[in-house]
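Please open the structure in a viewer and follow the selections below in order.

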Amino acid sequence: MSAHTDNEIVIAAPLALVWDVANDVQRWPELFAGEYAAAEVLERDEDRVRFRLTTVPGPDGRAYSWVSERCLDRGRGTVEARRVEPGPFRYVHLFQSFTATPAGTRLRWVQDFEARPGAPFTDEAMRRRIDAGARANLRRHRDVIEALAASGVSR
Amino acid sequence: MAGHVDVRVVARAPLDQVWAVATDPAAWARAGHPVADLERRGDRLRFRVGGDLVERVEDARHRTVASRRLGSDQFVYCHLWFGHQAVAGGTELRCVADFEMAPGAVAGDAEMEAVLARTLRGNLEATARLAER
C-alpha cells in the first residue's frame, strides 16, 4: 500500500560539482550503471527538466521507457521529481538533497511510491529493488564524481 | 525520519463531477479552504497556504494530482498525491502524504501525521460534499 526508501552517500567533491553532474540527465546512463540505456531531455527551463528515460533491457529482453520531471531548487540544494507517465505505479515521488559536509557533499535520495493493482511486482519487491539500486547507484555517482574531482574538474 | 498519511473518503457522486470540484480553486474557497496568490499555467497550479508556496500538477487522464510545498522552513519535503476513482456507489477520493519535518520545525513527523490526517480528511470530505450537491 505504498513504500519508502531513503539512502545517502558522502562524495568527496564540492557541492557545485556534485550538483552539476548529478543533475545532468544526459549523463545518467553513465551515473546509473546498467540501469538506463538512454536519457533524452524533452523540455528544460531554469528550474525544471522533463525527460524520457529508457532502461537497459532486462533478462526478459524488455526495455521500459517513461517520462519524468525534476524540479530543482539550487538555493536549497534540493530536487523533487516524479514520474509523469506513471506506468505500473500509482505514483513515484523522489526527494533528493545535496548538503555540504566537512567530508564532502552528502547526496540523499528518498523515494515514495505505490504499485498499481495488477502491476507485475508488489510494493515490497519494488522497494527492495529500488533500495538496492539506490545504494549501488549512489556508489556509482561517488566513483564517477570523485574521479572527475581528482582530474581537476571543478564543475 | 519520514511521515506518511493515507486517507480515503467516498463521495456519492460520479467521478467526473468529483474531479471537476477537486481541481477547481473556486470550489475550495466555497468549502472554506481559500488559497492565496493563485496562478495557473496549463495543468500546473501555484498558490500559497499559510506561508508556504504549493505547486499542484494535475493528470486529468489518470484523475490524479501531485502536490508539493516549495521552500518551506517547516518541511524538508512534503509530497501529496490525490487519487480519484469510481467505486460502488460513487467515487473514492484518496490522499497520500509523504513528508519529513525540518529539524527545529514546530512539530515532529508523528505530530504532523496526526495533523495532516485530520486536515486532509477534512479537505476530502469537503470536496466530496460539494460534489454531491
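Which handedness does the crossing of H1(B) and H3(B) have? The crossing of H1(B) and H3(B) is right-handed (the near helix is turned clockwise from the far one by less than a right angle; anticlockwise would be left-handed).

This is a predicted model, in which local features need pLDDT of at least 70 and side-chain atom pairs count only at pLDDT 80 or more, while totals for chains, interfaces and linings use all residues. Residues are numbered from 1 along each chain as its sequence is written, and chains are lettered from A and ligands numbered from 1 in the order in which they are written.

**First stop: chain B**

Select residues 15–22 of chain B, helix H1, and residues 109–132 of chain B, helix H3 (helices are DSSP runs of H or I, at least four residues, numbered from the N terminus). Their axes come within 9 Å and cross at roughly 125° (axes are lines fitted to C-alpha atoms over the stretch in contact, and angles run from 0 to 180 degrees between N-to-C directions). That angle makes H1(B) oblique to H3(B) (neither under 35 degrees, nor over 145, nor 65 to 115).

Next, display B:Gln17, B:Val18, B:Val21 and B:Ala22 of H1(B), which are in contact with B:Thr127, B:Leu130 and B:Ala131 of H3(B) (C-beta atoms, placed from the backbone, within 7 Å).

**Second stop: chain A**

Move to helix H1, residues 15–22, and helix H3, residues 123–150, of chain A; their axes come within 10 Å and cross at roughly 125°. H1(A) and H3(A) are therefore oblique to each other, and their crossing is right-handed. Finally, select A:Leu17, A:Val18, A:Val21 and A:Ala22 in H1(A), which meet A:His141, A:Ile145, A:Leu148 and A:Ala149 in H3(A).

Technical notes
Helices (H or I, at least four residues) and strands (E, at least two) are DSSP runs, numbered from the N terminus. Two residues are in contact if their C-beta atoms, placed from the backbone, lie within 7 Å.
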